[in-house]
Protein chains: 2
Amino acid sequence: MLKRHDLLQEAAQQGIRLTAQRRALIETIQEAKSHLDAESLLQLARKRDANIDRATVYRTLDVLKRRGMIDELDLMHLNGEKHYYEVKTQKDHLHLACFECGKIEEFTTPTFEKLKREIADKNDFSIQVMRLEVGGLCGKCAARKEASTG
Amino acid sequence: MLKRHDLLQEAAQQGIRLTAQRRALIETIQEAKSHLDAESLLQLARKRDANIDRATVYRTLDVLKRRGMIDELDLMHLNGEKHYYEVKTQKDHLHLACFECGKIEEFTTPTFEKLKREIADKNDFSIQVMRLEVGGLCGKCAARKEASTG
DNA sequence: TATATACATGCGAATGAGTCGCAACTAGAA
DNA sequence: TTCTAGTTGCGACTCATTCGCATGTATATA
């Protein structure tokens with residue numbers, strides 16, 4: 001598992017006002033085992049603090065995004081147009097989404113870091129966020145399709 | 001400029017039924033000078049064929065996407081949640097989006113191709129689409145910010 | 001510790017991109 | 001020329017996300 005930032009601590013350091021709702025939301029994101037969309041986040045966070053409104057979820061996500069504490073993903077729009085969120089990790093990583101079974105895998109490699117440096121250098125661009133998403137078929141689904149089609 | 005596929009020809013080859021609306025849409029996408037969203041595509045295509053409905057735009061985009069003839073981009077959601085489309089090019093390329101001035105730049109490098117092979121190999125994954133988007137500040141905007149803040 | 005206020009929240013209504021059901025139409029095969 | 005599976009326009013709909021505004025509150029300061 002990739003090393004994640006400690007959101008709550010970071011939020012305090014950055015002087016983000018910590019309301020009960022924000023605490024509940026931040027803790028939920030921090031401890032999430034999978035990528036959460038706004039609705040799932042709302043439902044889970046309500047177990048910690050029942051009085052959280054949907055608008056607050058979006059507003060909080062926006063704050064965390066702007067501060068670079070979380071990343072926003074589309075996951076190839078596998079399930080409609082909603083977004084998913086994850087705590088920023090120390091190393092950049094990419095997401096592989098299987099169009100068939102919907103499984104999401106994460107992957108890191110030095111080549112990705114290298115590419116990042118190259119992008120910044122060769123384009124005179126100061127990178128804040130980088131999102132690499134790959135869509136296709138995971139090994140299992142590719143094999144199954146192969147067997148049934150050809 | 002990266003070499004693009006010839007959509008109309010490819011559509012014919014693939015046995016896609018060519019209605020007047022689809023022709024207008026395909027030609028519009030092919031000749032577009034910038035990344036088009038569904039609404040802009042609709043407006044432009046109507047100059048060629050006034051009777052095009054919004055639903056047809058989405059349905060056609062969907063066909064072309066499924067066939068791998070065009071790519072769908074989010075461009076870091078710089079302007080809301082809409083999607084942008086572009087003709088698939090011979091080489092994969094990535095998009096740099098400046099959060100300040102909104103400029104979009106494209107970039108290719110062998111490292112990207114290398115990364116792609118690595119992803120496929122090390123994960124046993126059959127890649128269909130790959131989307132790499134980068135957000136940050138272009139050289140000019142970074143310099144301007146530096147000057148005014150620091 | 002009390003107070004002030006800039007910032008957060010809940011609510012409900014609004015927005016905007018994209019989708020759907022269905023009757024009418026038509027490209028291209030036979 | 002005819003047939004029909006695939007395509008279209010229309011208008012209503014969905015669903016994620018945003019907004020305006022009155023109310024509430026975390027935190028700085030006295």
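**Exercise 1. Chain A as a whole**

What percentage of the 150 residues of chain A count as buried? Describe also the elements of this chain.

*Solution.* Begin by keeping in mind that the structure is a predicted model. For burial, a residue counts as buried if 20 or more other C-beta atoms lie within 10 Å of its own, and in chain A 25% of the 150 residues count as buried. Next, turn to the secondary structure of chain A, which comes to six helices and six strands, and which runs from the N terminus in the order α-α-β-α-α-β-β-β-β-α-β-α. For the dimensions, take the principal axes, along which the C-alpha atoms of chain A fill a box of roughly 55 × 40 × 25 Å. Finally, consider the contacts in chain A between residues at least 6 apart in sequence, of which 51% join residues at least 24 apart.

**Exercise 2. Strand S4 and its neighbours**

Find out which strands are joined to S4(A) by bridges, and in which direction each of them runs.

*Solution.* First look at the strand itself: S4 of chain A, residues 94-98, is mostly covered, since five of its five residues are buried. The side chains can then be sorted by direction, with A:Leu94, A:Leu96 and A:Cys98 pointing one way and A:His95 and A:Ala97 pointing the other way.

As a second step, follow the bridges to S5 of chain A, residues 104-107: there are four of them, and the two strands run antiparallel. One pair to locate on the model is A:Ala97, which stands opposite A:Ile104 in S5(A). The two strands form a hairpin with five residues between them, and in its turn A:Gly102 has a positive phi of about 80 degrees.

As a third step, follow the bridges to S6 of chain A, residues 125-138, where four bridges again join the strands, which here run parallel. In this pairing A:Leu96 stands opposite A:Val134.

**Exercise 3. Two residues in one loop**

Which is buried and which is partly exposed, B:Met76 or B:His77? Give the sign of phi for each as well.

*Solution.* Start with the place of the two residues: B:Met76 is found in the loop between strand S2 (70-73) and strand S3 (84-87) of chain B, and B:His77 lies in the loop between S2 and S3 of that chain too. Then read the backbone angles, recalling that most residues other than glycine have a negative phi. Phi of B:Met76 is near 55 degrees, which is positive although the residue is not glycine, and phi of B:His77, also not a glycine, is positive as well, near 50 degrees. Last, count the neighbours: B:Met76 has 22 other C-beta atoms within 10 Å and is therefore buried, whereas B:His77 has 15 C-beta neighbours inside 10 Å and so counts as partly exposed.

**Exercise 4. How the two chains meet**

By what turn and what shift can chain A be laid on chain B, and which strand of chain A gives the most residues to the side that touches chain B?

*Solution.* A turn of 180 degrees, with a shift of 0.0 Å along the axis, lays chain A on chain B with an RMSD of 0.1 Å. The two copies are therefore related as by a two-fold rotation axis. Among the residues of chain A, A:Leu132 comes closest to this axis, its C-alpha being at 2.1 Å. The same surface serves both copies, because 100% of the contact residues of chain A recur in chain B.

Now count the contact, which takes 31 residues from chain A and 31 residues from chain B. On the side of chain A, S5, helix H5 (110-123), S6 and helix H6 (139-149) each supply at least two residues, and S6(A) gives the most, with 14 residues. Sorted by kind, the residues on this side divide into 15 nonpolar, eight polar and eight charged.

To finish, examine S6(A) and S6(B), which run antiparallel and are joined by 13 bridges. One of the pairs there is A:Leu137 with its bridge partner B:Ser126.

**Exercise 5. The surface near DNA strand D**

Which element gives the largest share of the surface near DNA strand D?

*Solution.* Of the 24 residues around DNA strand D, those that come nearest are A:Ala38, A:Ala55, B:Thr19, B:Asp53 and B:Thr56. The elements giving two or more residues to this surface are helix H4 (54-66) of chain A, together with helix H2 (20-31) and helix H4 (54-66) of chain B. The largest share comes from H4(B), with four residues. By kind, the residues of this surface divide into seven nonpolar, eight polar and nine charged.

Terms used: Residues numbered from 1 in each chain as written. Chains lettered and ligands numbered in written order. Predicted model: local features only at pLDDT ≥ 70, side-chain atom pairs only at ≥ 80, totals over all residues. Buried ≥ 20, exposed ≤ 12 C-beta atoms within 10 Å, placed from the backbone. Pairing = 2+ DSSP bridges. Near = placed C-beta within 6 Å. Nonpolar A, V, L, I, M, F, W, Y, C, P; charged D, E, K, R; others polar. Least-squares fit on C-alpha atoms with pLDDT ≥ 70 in both. Contact = placed C-beta atoms within 7 Å.
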